[in-house]
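Visitor: Please take me through one part of this structure slowly. I would like a close look at the place where two chains meet.

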Amino acid sequence: MDFTLDDEQIALREAVRGLLSRRYGDFEERRRSVASEPGYDPTMWKALAEMGALGLPFTEEDGGMGAGPVEVGVVAQEIGRVLAPEPYLSTVVLAGGMVAALGTDVQRAEVLGPLSSGDLHLALAHAEPGGRWSDGATSVTASLVGNEWRLTGVKEPVLNGDAETLVVTAALPEGGTGGFLVAGEAAMRTSATAYDGTRVSRVVLDGALGVPLGEADSDASQAIGAALDRARIIACHEALGGMEAALKATTGYLRSRKQFGVPLSTFQALTFRAADMYVAVELSTSMVWWATMVASERDASATREAAERAALQVSRAGRLVGQEAIQLHGGIGMTAEYPVGNITAHLTALDHLLGDGGHHLRSLSQRLEGYGAIDPLA
Amino acid sequence: MDFTLDDEQIALREAVRGLLSRRYGDFEERRRSVASEPGYDPTMWKALAEMGALGLPFTEEDGGMGAGPVEVGVVAQEIGRVLAPEPYLSTVVLAGGMVAALGTDVQRAEVLGPLSSGDLHLALAHAEPGGRWSDGATSVTASLVGNEWRLTGVKEPVLNGDAETLVVTAALPEGGTGGFLVAGEAAMRTSATAYDGTRVSRVVLDGALGVPLGEADSDASQAIGAALDRARIIACHEALGGMEAALKATTGYLRSRKQFGVPLSTFQALTFRAADMYVAVELSTSMVWWATMVASERDASATREAAERAALQVSRAGRLVGQEAIQLHGGIGMTAEYPVGNITAHLTALDHLLGDGGHHLRSLSQRLEGYGAIDPLA
Amino acid sequence: MRLSLSAEDRAFRQEMAELFTTVVPDEVRQTVLSGGEISEEMFRASQRALNDAGVAVPHWPREWGGRGWTDLQRHLWHEEMQRAGVPSPMPFNVSMIGPVLIQFASQEMKERFLPDTASLDIWWSQGFSEPDAGSDLASLRTSAARDGDDWIVNGQKTWTTLGQYGDWIFTLVRTDPTVKKQAGISMLLIDMTSPGVEVRPIQLIDGGHEVNEVWFTDVRVPGENLVGEVNQGWTMAKFLLGNERVGVAPVALVKRMLARAKEVAGDQLEDPLVRARVAELENELLALELTTLRVVAHSDGGEPHPASSVLKLRGTELQQAVSELVVDLAGPASLVPATADSDLPVWARRSAPTYLNYRKASIYGGSNEIQRQIIAGTILGL
Amino acid sequence: MRLSLSAEDRAFRQEMAELFTTVVPDEVRQTVLSGGEISEEMFRASQRALNDAGVAVPHWPREWGGRGWTDLQRHLWHEEMQRAGVPSPMPFNVSMIGPVLIQFASQEMKERFLPDTASLDIWWSQGFSEPDAGSDLASLRTSAARDGDDWIVNGQKTWTTLGQYGDWIFTLVRTDPTVKKQAGISMLLIDMTSPGVEVRPIQLIDGGHEVNEVWFTDVRVPGENLVGEVNQGWTMAKFLLGNERVGVAPVALVKRMLARAKEVAGDQLEDPLVRARVAELENELLALELTTLRVVAHSDGGEPHPASSVLKLRGTELQQAVSELVVDLAGPASLVPATADSDLPVWARRSAPTYLNYRKASIYGGSNEIQRQIIAGTILGL
């Protein structure tokens, strides 16, 4: 049992932190990146690629760095800390993770190598209108026309869906869900900026040509679910970085801001609430790193449960921290030009991206009889 | 819409408050009453009878005062305020209320007159081991032997079950539940003092003779449920009196107790929590008086819903107020000789006597589609 | 104790319900009911219609358009208005500067301003908060210096809600920097078209533009625009803030939000956890509504009912809780902007910005910390 | 990062699990596991058995019976002990006075007291709190005045847990009333059979007798019973209170409570609201356990891990929440006393007193307010 980063992981964290803080240390720069096309800074994307950050989750054979969830989590925390708009979660973790999970050797090498080098942009089109975080697809269907797979239906919301290549999940004719690679231009796409600065798209497929990821026509729901679980844990890391930044901003504000002639930190009712924020962040930290280790060392079913547990904890904590960070700042916390409110917005978005606390609690509570007490050391 | 007591009701409140505070103003006296037999002060019971308090819920024809839920609520609040151990809720409201609901004209006059004058002690044996606040009885059964009803089974917990006469609910041979009068000595009874000072009994019936209340052999579940609902509302009043007393004790303590050389009221984190207690008490006050008016003016189905709503609100508030009152007092709040912890104990007991917050929430949430928004003015 | 409304109040309520659905433009009401954004024109049209119908300023004295209603009637008026989807008359006009002018201004000033204030022909902005003052209002710095009969105003106000539509702004300004901070403050009415007044938008985290900074650079204000006496501003400010008490709990609004949540929840309402969450919120909201009724039914003429202090605190908490519920009901659809080309329902796409926007409710207009301080200090004596 | 225990720690854990179930009397363990009350004799027998097996004071220096374990191993020891239903070695002995003596006492005093302290042949009471001091420990008033070589002690201590069983009591006494309050305090060991020592029970709201007042009236204490130097008591008190950090979150205990709640819930576990409540508590508890592991796995030798400050705060909150759940599961059966003649299960009848008793957890041993103050002040710099 060891909760510490090794030297290499610490070096990675420092490198990513340095890179990101040089670019986004001034929050105005983040706002500028979000406001410009394509919604993030392509130079920064390239720099992350050069640092090896984009290839971390992929094996060396696939063109990646052969690292694992811990390293990916390290990067995601730093991204969350400065609200970097680069589509790490959507492109690398979600879309890349799906290719890594479903693709053949050849597909993985073809896609993940260029993805790792920052040369290929990828997006995962999985969510469907009216759907709520299911592993499978229903409203987008795949059908075999001749020997070509054709996909039809609507995917929404798709993060950064204006990417060159789409990874699309679709219901298979014989039941189950498969994954497909679709050329971006084969879909009709409209994109917009979500309230947290993320680019989200609606992707309409009308008989678009899809190349099956892996074996055609075999149900990949489980592998899709496993990839989503890994992404859930990484999303928790991003939230953790955001929570830490929100807490830091809040304590800094309480120390420096004066009201009624004294610093806000004089008001015990406020400092106690900051203490509760700290408690929530610490507990989440433990849970998220634990889940990351489970994802590294255990099987898919253990990882699902760990992902749900981490996501539940982070959902609760993120709401508390986000809401209190704004409240303890007062009016300035509501403004777009100040980081704290934007962190709260992003925490809210992350919470609803891959399953909120209530969703995971429902799932966890269904398995209650399966054990007496949880033993993380077992 | 009028939330104020009229002059007569105010006079009643002042009279009861005066009587009770002369007796129990010193909390040591309450402890003494609880510790002695029969667990309350018979002189006080007689004084309440003379004041007319015991007959308030019953019609004048039945030997009562012909008052209503508002007046009974006034008395219950005062009882809750000083934790008076007199069995008002159990004898007058629960047992007497059941006789009023089920009995024939003759039975009502025979029982409720002596009850109102303090000459007859009555207890309701309704709860059954393993049961959770149902309107009906299942484990105690009534059967006709010749032309006599015989009751068999166990009732527990029975408040003040060592009374002369028991009102027993029992499952009827043809289904449904009936109410019966049973002579106390016809049952085997063991009594003990509960953690909040209440006397509770286990009542074992082994073919005990029961006189049917009202028509024999017709299902009285609805009338029983309605009587329980009225008692729930009165229990809320008792809790309200307790909460007010706990809040008052807490603010008094914060003002007077010094720590680190200054009064505790200097610590904003504590005073804000007292403010939240106040909010909870005020909201409960509104809800409980509203429910009382519903019970006075509307039908049984409206009263059930109002009783559930009030009980849910008071359950939540009672926990907050009780827990915070102890915490804000510190160690002394834990001691048996100081009132605050005892109030918390009694709030806990009241919460679990006739249905806790979770129980009522379940019931309320089943009817969610029945309306768009609640309109208390409709 | 009486549960029912009197026959008179019941008739009054009915009358209000009918009036609101007939006199106010349908377009405005439909926009409000569907959770859309109300334009400046809609605000103005709606209030003009209310004023024409004699129900924009019922709480003012009769000579200025008031109706002499009881507090309960005013409550019913407000609740029915909310229920009908009619925007409340602009509070800056009818609850803030209007009553201040009625109480403190000269007859001449009243005649000049009150009719247009009631009809929203003058849209008032509030110039109280400053960047370095926050909840500590009295430490404001915007200065007004005498220049002959005029005042020269310099400084900055902030959090000026809907200031972009404002015609005039009522400001607290420091007219005497040499005395104790509360003592040197006056209230000045400033035409927002005056040279030197600049309104700068503040973008909020929900993407909306609702508040502003208002900058004053050597703004010349005629001496006649001073309300009451010089250095009497703090008294007026306290009077104004004290006036906010009735109707501050947005009960009808939150009820509408919650009823709408039940409608849009669809299948999710089969989930016992969702049902319980809704039922619990409904109960909390009922307790708040009943507390409001307790307060308004008994506050005529006397001191404010102590329970009135819980209304804003609890009202904003519940408003926030319901808005959070709606985001959760929306789920992943909450990520899609309302303006996007999308198949997803608009309520779902508005849910997250609405939730974020309502975080302000516990900050503006006397933060919840201030409310708790009032309860602890004034009511509990702590 | 590594999820699993090392092979060595895994073996250690196994060894502890076996040891506890073999050396400690079964009667003690069954009483604990069924939630019963442990008698003085059971406490003494259990700790004697642990000490004989060499696992009563593993954190002490080896020369006094310590084992040189890592913090993780100590954690495993503690968790397995809890899981096996073995009462923790008396904290007044092994975590409080023991370490103080080791750090501050003369060799002679160590030899005299430490062995009996480890074995519970001396049962120590803690004489810190006073009626007028509360969380402000340094304002204590119990005085010790010189009389030749002896000290004459007068005053009153309170909240003395299990003081009715105490053989000796370690006290903070004021030895110099003329200096700043922290500076005039000393630590004195007092034989509780000395004339003038009187232990008076304090009855708690759960009906139990767990804490006491201890009165000192002209109690003569030999000078050799002074620990360390005169007026050095505050240093020792701070040292002692700082030592409480590891293992203060009663994770294993609360886990056992929650697992038991699931067992006894029966049919109620079919209710989705009950399931969700249990699942949420399990998750919160897991987060706490993992935080404990994070702390113990990395606190060897260095400064306490900052996260350690959350352990007691959160641990007591969860303990209270689980005890509240159990009362709700018990429902009306919670009204029946455990001692009554009844058909209802004992767990249900114990539930409410247990719930009430655990309200103390957030008060004693550094209240949750003190914990928040530490976090805000020491960790967050507020």
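Guide: Here is a walk along the interface of chain A and chain D, followed by some single residues. This is a predicted model: local features need pLDDT of at least 70, side-chain atom pairs count only at pLDDT 80 or more, and totals for chains, interfaces and linings use all residues. Residues are numbered from 1 along each chain as its sequence is written, chains are lettered from A and ligands numbered from 1 in the order in which they are written, and side-chain values use heavy atoms, with hydrogens and water left out.

Start with the contacts. On one side, 50 residues of chain A touch 48 residues of chain D. Contact here means heavy atoms within 4.5 Å. The size of an interface is often given as the accessible area lost when the parts come together. Between chain A and chain D, about 4500 Å² is buried. Buried area is the accessible area (1.4 Å probe) that two parts lose on being put together, summed over both. Carbon and sulfur atoms give 64% of the area buried between chain A and chain D. On the chain A side, the residues that lose the most area to chain D are A:Met1, A:Tyr278 and A:Leu377. Together they make up 17% of what that side buries.

Now the charges. Six salt bridges cross the interface of chain A and chain D. A salt bridge needs a side-chain nitrogen of Lys or Arg within 4 Å of a carboxyl oxygen of Asp or Glu. A:Asp375 forms one with D:Arg13, and the closest N and O atoms are 3.1 Å apart. Polar contacts join 20 residue pairs between chain A and chain D, both residues at pLDDT 80 or more. A polar contact is a pair of N or O atoms within 3.5 Å; within protein, one must be able to donate a hydrogen and the other to accept it, and residues adjacent in sequence count only if both atoms are side-chain atoms.

Which helices build the chain A side? Helix 7 (221-256), helix 8 (268-297), helix 9 (300-329) and helix 11 (357-366) of chain A each supply at least two residues of the side that touches chain D. Helices are DSSP runs (H or I, at least four residues), as are strands (E, at least two), numbered from the N terminus. Helix 8 of chain A gives the largest share, 18 residues. By class, the side of chain A that touches chain D has 27 nonpolar, twelve polar and eleven charged residues. Ala, Val, Leu, Ile, Met, Phe, Trp, Tyr, Cys and Pro count as nonpolar, Asp, Glu, Lys and Arg as charged, and the others, Gly among them, as polar.

Look next at helix 9 of chain A, which holds A:Glu324. A:Glu324 counts as buried because its relative accessibility is 16%. Buried means under 20% relative accessible area, exposed over 50%, and partly exposed in between (1.4 Å probe, protein chains only). Not counting residues up to four places away in sequence, A:Glu324 touches A:Arg273 and A:Met277.

Chain A also has an unusual backbone angle. Most residues other than glycine have a negative phi. A:Trp133 is not a glycine, yet has a positive phi of about 60°. A:Trp133 sits in the loop between strand 1 (122-125) and strand 2 (141-145) of chain A. A:Trp133 is buried too, with a relative accessible area of 10%.
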